Amino acid sequence: KKEKPLKASTPKTKAEKLAQKIWQENGASVPVDVYAIASAHRIGIKTESMEDDVSGMMVTSEAGVASILINASHAAVRQKFSTAHELGHYFLHRSTSPVFVDSKNGAQVFFRDGKAATGTHYQEIEANAFAAELLMPETEIRKIFPQKISGMELDYFEDEIEKVARDWKVSKSALTIRLNRLGITD
């Protein structure tokens with residue numbers, strides 16, 4: 001019995017809609033160049049040594065100039081997702097009043113508390129949704145995986161999932177989570 005193709009759902013959240021818009025404005029292709037997106041918005045990106053449990057952060061000068069700091073010790077695919085996540089904070093949250101902690105040099109660091117690390121803080125959830133849609137757009141995923149993949153078929157699709165992750169320069173685990181959240185896998 002052949003299953004019907006899954007219907008593409010339109011982005012439901014503000015974060016997903018914004019990510020889709022930015023993706024389209026930047027060529028609507030994968031892999032996504034998050035560094036070019038940051039550059040187009042005059043956001044500097046630096047990799048630095050950080051505690052291992054810190055993936056990245058936003059730093060804003062008193063003049064309002066934004067920079068993204070990414071953990072230099074993380075894998076390239078993790079750095080890319082972290083950059084997309086921080087771009088999510090930039091596009092979604094910079095006009096709000098998030099908590100910032102001043103450092104010794106006067107820069108302001110986007111605060112991450114214990115709730116943020118567990119993904120329960122709403123702004124963190126939004127930034128993750130933004131990053132997932134930006135790097136792994138639903139429209140592109142559904143072109144490759146148009147039908148639901150049952151648990152029994154998952155082994156058959158492992159090579160394809162690995163290939164897509166490699167081609168899009170994202171981690172296999174990020175793509176697997178994305179497929180699950182889109183209802184393509186169980």
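## Helix α1 and histidine 74

In helix α1, the buried residues (under 20% relative accessible area, with a 1.4 Å probe and protein chains only) are Ala15, Glu16, Ala19, Gln20, Ile22 and Trp23. They sit on the same side of α1, because they cover an arc of only 165° around the axis, taken from the directions from the helix axis to the C-beta atoms. An α-helix has 3.6 residues a turn, so residues three or four places apart point the same way. On the other side of α1, Lys14 and Glu25 are exposed, a term that stands for over 50%.

This is a predicted model, in which local features need pLDDT of at least 70, side-chain atom pairs count only at pLDDT 80 or more, and totals for chains, interfaces and linings use all residues. Residues are numbered from 1 along each chain as its sequence is written, and side-chain values use heavy atoms, leaving out hydrogens and water.

The cover over the buried residues of α1 includes these helices, by contact (heavy atoms within 4.5 Å):

| Helix | Residues |
|---|---|
| α2 | 34–40 |
| α5 | 122–135 |
| α6 | 138–144 |
| α8 | 172–181 |

Helix α3 is also part of that cover. Just after α1, glycine 27 has a positive phi of about 105°.

Now to the loop between β3 (66–71) and α3 (76–93), where we find histidine 74. Histidine 74 is buried, at 15% relative accessible area. A polar atom of its side chain lies 3.0 Å from the backbone oxygen of aspartate 52. Leaving aside residues up to four places away in sequence, histidine 74 touches Asp52, Val54, Ser55 and Gln79.

Conventions:
Helix = DSSP H or I, 4+ residues; strand = E, 2+ residues; numbered from the N terminus. Polar contact = N/O pair within 3.5 Å; in protein donor to acceptor, adjacent residues only side chain to side chain.
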